[in-house]
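Colleague: Hello! I am new to reading protein structures and would love some help. Could we go through one together, feature by feature?

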Amino acid sequence: PAAEEWFASVVNEHFDSLPMTMLTLVGFVTLDSVAPIYKPLIKGDWRLAFYFIGIVLSISIVLMNLITAVIVNSALEQASSDRETQKMQETKRKKKVVEELRQMFSRMDHDGSGEITLDELSQATEEDANLLKRFMTLENTGEIFKLLDVDASGHLNIDEFCDGVLEHVLADRSIEFKRIDKEFKKTRAQLRENHALLLAMAAKLKRMDHGFVPSATGSNLSLATTNCTASSS
């Protein structure tokens, strides 16, 4: 009887009406001090253990994991949308920069040869010079030309000019790093040329060394001539 009274008191306290029952279920969802609720009930009727285990597993664990998955999925979709928006903005910016660069190249190509030299770049208008310096983050025109003239030909065509400036505008590396990278590639190319030259010289010396080996017939002929001369004497 005492157990039944305790069982009834727990039921009346937490499940006496629909609002109180919903409030109790909210406690199960958040796992907010639910042990004093289900322990006395399970002690009064052990079969209720299956009921409360099912509630804890389905509501507290599965439902919360589902909500977490929905939130994470929404965050990933938002991040993907942000990346697409950023990509579109970058494409628009690239088109705008390319158009400005082509117009600038046409104004600097004074002789209409389709190529510009250091002199033509130095004679650019103040507006074009300031815009180019802003793109390249450099103040010296010679350094800008040297950086863009990758093949060291002394002139720049429109593709070489636009691609070089655009690469610097959209790149996340500093101008100093790109300059060092260019010098490194140039040094590496020179080392490769020197290595090939050394290999060619070594092969030539090897062939010359084989050509100077004296033959046995020549030695015997020389020895015979010496003996004949001695006998005549």
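Modeller: Gladly, and let's start with charged pairs. Side chains of opposite charge can pair when their charged atoms come close. In this predicted model, there are two salt bridges.

Colleague: Which side chains meet in the salt bridge with an N to O distance of 3.8 Å?

Modeller: Those are the side chains of Asp159 and Arg102. Asp159 belongs to helix 8 (residues 158-170) and Arg102 to helix 4, so this salt bridge ties together parts that lie 57 residues apart in sequence.

Colleague: Is Asp159 buried, exposed or partly exposed, and what is its relative accessible area?

Modeller: Asp159 is partly exposed, with a relative accessible area of 44%. Its partner Arg102 is also partly exposed, at 38%.

Colleague: And which side chains make the salt bridge at 2.6 Å?

Modeller: There, Arg107 pairs with Asp128, N to O. This pair also links distant parts of the chain, with Arg107 in helix 4 and Asp128 in helix 6, 21 residues apart. Now look at how much surface each one shows. Arg107 is partly exposed, with a relative accessible area of 43%. Asp128 has just 3%, and because buried means under 20% relative accessible area, Asp128 counts as buried.

Colleague: That helps with single residues. What percentage of the residues in the protein are buried?

Modeller: Of the 233 residues in the protein, 20% are buried.

Colleague: You keep mentioning helices. How many helices and strands does the protein have?

Modeller: The secondary structure consists of ten helices and two strands. To see their order, read along the sequence: the pattern is α-α-α-α-β-α-α-α-β-α-α-α.

Colleague: What about the stretches between helices? Where is Thr125, for example?

Modeller: Thr125 sits in the loop between helix 5 (118-122) and helix 6. With 46% relative accessibility, Thr125 is partly exposed. You can also compare sequence and space here: Thr125 and Met108 are 17 residues apart in sequence, while their C-alpha atoms are 8.1 Å apart.

Colleague: Now I'm curious about empty space inside. How does one find it?

Modeller: Rolling a probe the size of a water molecule over the atoms shows where empty space is left. In this model the count comes to one cavity of 30 Å³ or more. The largest cavity has a volume of about 50 Å³.

Colleague: Which residues line the largest cavity?

Modeller: The lining is made by Leu121, Ala124, Ala129, Leu132, Lys133, Thr141 and Ile144. Sorted by class, there are five nonpolar residues, one polar and one charged.

Colleague: Which helices each supply at least two residues of that lining?

Modeller: Helix 6 (126-136) and helix 7 (141-148) do. Helix 6 gives the largest share, with three residues.

Colleague: Let's finish on the outside. Which residues make the nonpolar surface patch of about 520 Å²?

Modeller: Find Leu63, Met64, Leu66, Ile67, Val70 and Ile71 on your screen, since together they form that patch. One of them, Leu66, lies in helix 4, which covers residues 48-108.

Colleague: So helix 4 has come up before!

Modeller: Yes, Arg102 of the salt bridge with Asp159 is in helix 4 too. Try tracing that helix on the structure as you look back over our chat.

How values were computed:
Residues are numbered from 1 along each chain as its sequence is written. This is a predicted model: local features need pLDDT of at least 70, side-chain atom pairs count only at pLDDT 80 or more; totals for chains, interfaces and linings use all residues. Side-chain values use heavy atoms; hydrogens and water are left out. On a 1 Å grid over the protein atoms alone, a cavity is a set of points where a 1.4 Å probe fits but cannot get out, and a pocket is an open set with protein on both sides within 12 Å along at least five of seven lines; lining residues have an atom within 4 Å of a point. Grid points are joined across faces, edges and corners, and a volume is the space filled by probe spheres set on the points. Helices (H or I, at least four residues) and strands (E, at least two) are DSSP runs, numbered from the N terminus. Ala, Val, Leu, Ile, Met, Phe, Trp, Tyr, Cys and Pro count as nonpolar, Asp, Glu, Lys and Arg as charged, and the others, Gly among them, as polar. Patches are made of residues with over 30% relative accessible area and no salt bridge: like charges are joined within 9 Å, nonpolar side chains (Val, Leu, Ile, Met, Phe, Trp, Tyr) within 5 Å. Accessible areas come from the Shrake-Rupley method with a 1.4 Å probe; for residues, only the protein chains shown count as cover. A salt bridge is a side-chain nitrogen of Lys or Arg within 4 Å of a carboxyl oxygen of Asp or Glu. Buried means under 20% relative accessible area, exposed over 50%, partly exposed in between (1.4 Å probe, protein chains only).
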